[in-house]
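Look over the sequence and the model shown here. The report after them takes up one chain, then its interface, then a few residues.

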Amino acid sequence: MAENVTPRIRVPREASAGETITIKTLISHPMESGQRKDGDGNVIPRSIINRFTCDFNGQNVIDVTMEPAISTNPFLEFQAIVPESGAFEFTWYDDDGDIYTDTKEIAVS
Amino acid sequence: MSFTRRDTLRLAMGTAFAAAIPFKVFADVDSDVAAFTEGAEIGEGGITLIAPEIAENGNTVPIEVDAPGAVAILVLATGNPTPAVGTFNFGPLAGAQMASTRIRLAGTQDVLAIAKMADGTFVQARQEVKVTIGGCGG
């Protein structure tokens with residue numbers, strides 16, 4: 001179990017219908033690669049977030065498969081179309097089975 | 001000290017093993033590419049990979065991929081112990097087929113991005129990144 005996993009997301013509060021917006025996400029996570037060794041020479045087991053998805057009102061925006069080569073505190077920036085008011089749902093899948101979620105509302109003016 | 005037949009054989013085996021390691025890494029890259037493209041030919045153009053020419057710290061190297069019209073983009077770090085970095089699959093609400101993230105690089109190497117286009121063709125882009133401090137192992 002990774003500790004203190006906190007998602008941080010930046011989504012604009014408002015957009016016009018059909019606008020393309022930029023979303024930035026960062027989640028604090030050690031992303032232990034499974035390549036490192038501790039002081040006694042034992043391999044530290046891999047523990048990473050292996051998948052990230054972003055959906056808007058049930059429709060998929062992006063689905064990322066992540067490998068150990070993604071840095072600590074994985075950061076992702078991508079773009080989404082906003083057809084109507086609604087909520088973005090963000091989901092991170094941890095190697096240990098944990099799932100971290102967050103939502104951000106956006107209003108179409 | 002003189003080498004016995006047994007010592008010579010051991011030395012030869014050690015050398016052969018050391019020489020085999022780099023080939024194994026390339027084989028991993030090839031198999032990852034083959035798994036993604038299923039043997040299709042890979043073209044050039046239509047995909048942009050932005051990575052720094054020199055990265056001081058291999059632990060966090062910012063990269064950006066952009067391939068208009070792609071359904072998925074695979075990123076590989078060809079010199080890492082496990083070359084796969086990630087796959088970006090774009091859904092119907094993706095505003096642009098671009099994404100940026102931060103990756104780990106074990107040392108100076110080529111970063112490879114392959115995009116699968118909506119019509120089933122593949123294009124790739126390659127960029128060399130010089131790394132001063134490696135990002136894998138410790």
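Among contacts in chain B between residues at least 6 apart in sequence, what percentage join residues at least 24 apart? The share is 65%. Contact here means heavy atoms within 4.5 Å.

This is a predicted model, in which local features need pLDDT of at least 70, side-chain atom pairs count only at pLDDT 80 or more, and totals for chains, interfaces and linings use all residues. Residues are numbered from 1 along each chain as its sequence is written, chains are lettered from A and ligands numbered from 1 in the order in which they are written, and side-chain values use heavy atoms, with hydrogens and water left out.

**Chain B**

Chain B has 1 helix and 9 strands. Helices (H or I, at least four residues) and strands (E, at least two) are DSSP runs, numbered from the N terminus. The order from the N terminus is α-β-β-β-β-β-β-β-β-β. Of the 138 residues in chain B, 41% are buried. Buried means under 20% relative accessible area, exposed means over 50%, and partly exposed lies in between (1.4 Å probe, protein chains only). Chain B exposes about 7,400 Å², with 59% of it supplied by carbon and sulfur atoms. Such areas come from the Shrake-Rupley method with a 1.4 Å probe; for residues, only the protein chains shown count as cover.

**The cores**

In soluble globular proteins, nonpolar side chains tend to be buried together. A nonpolar core is a set of buried Ala, Val, Leu, Ile, Met, Phe, Trp, Tyr and Cys residues joined through side-chain atoms within 4.5 Å. The largest one here has 56 residues. Those with the most contacts inside it include A:Phe52, A:Ile62 and B:Phe88. Another core, of 10 residues, lies apart from it; B:Val29 and B:Leu74 are among its members. Beyond its neighbours within four places in sequence, A:Ile62 touches residues of both chains, including A:Phe78, B:Phe88 and B:Ala99.

**Where the chains meet**

How many residues of chain B are in contact with chain A? There are 27, and they meet 30 residues of chain A. The two chains bury about 2,400 Å² between them, 53% of it on carbon and sulfur atoms. Buried area is the accessible area (1.4 Å probe) that two parts lose on being put together, summed over both. In chain B, B:Leu93, B:Arg102 and B:Arg104 lose the most area to chain A, together 31% of what that side buries.

The interface has 16 residue pairs in polar contact, both residues at pLDDT 80 or more. A polar contact is a pair of N or O atoms within 3.5 Å; within protein, one must be able to donate a hydrogen and the other to accept it, and residues adjacent in sequence count only if both atoms are side-chain atoms. Strands S6 (84-90) and S7 (94-103) of chain B each give two or more residues to the side that touches chain A. S7(B) gives the largest share, 9 residues.

**Three residues of chain A**

| Residue | Place in chain A | Relative accessible area |
|---|---|---|
| A:Met31 | loop between S3 (19-27) and S4 (49-56) | 1% |
| A:Asn57 | loop between S4 and S5 (59-66) | 37% |
| A:Asn60 | strand S5 | 21% |

Phi is positive at A:Met31, near 50°. Phi is positive at A:Asn57 too, near 45°. The side chain of A:Asn60 reaches the backbone oxygen of A:Ile62 at 3.4 Å. A:Asn60 also contacts chain B, at residues including B:Asn89, B:Pro92 and B:Leu93.
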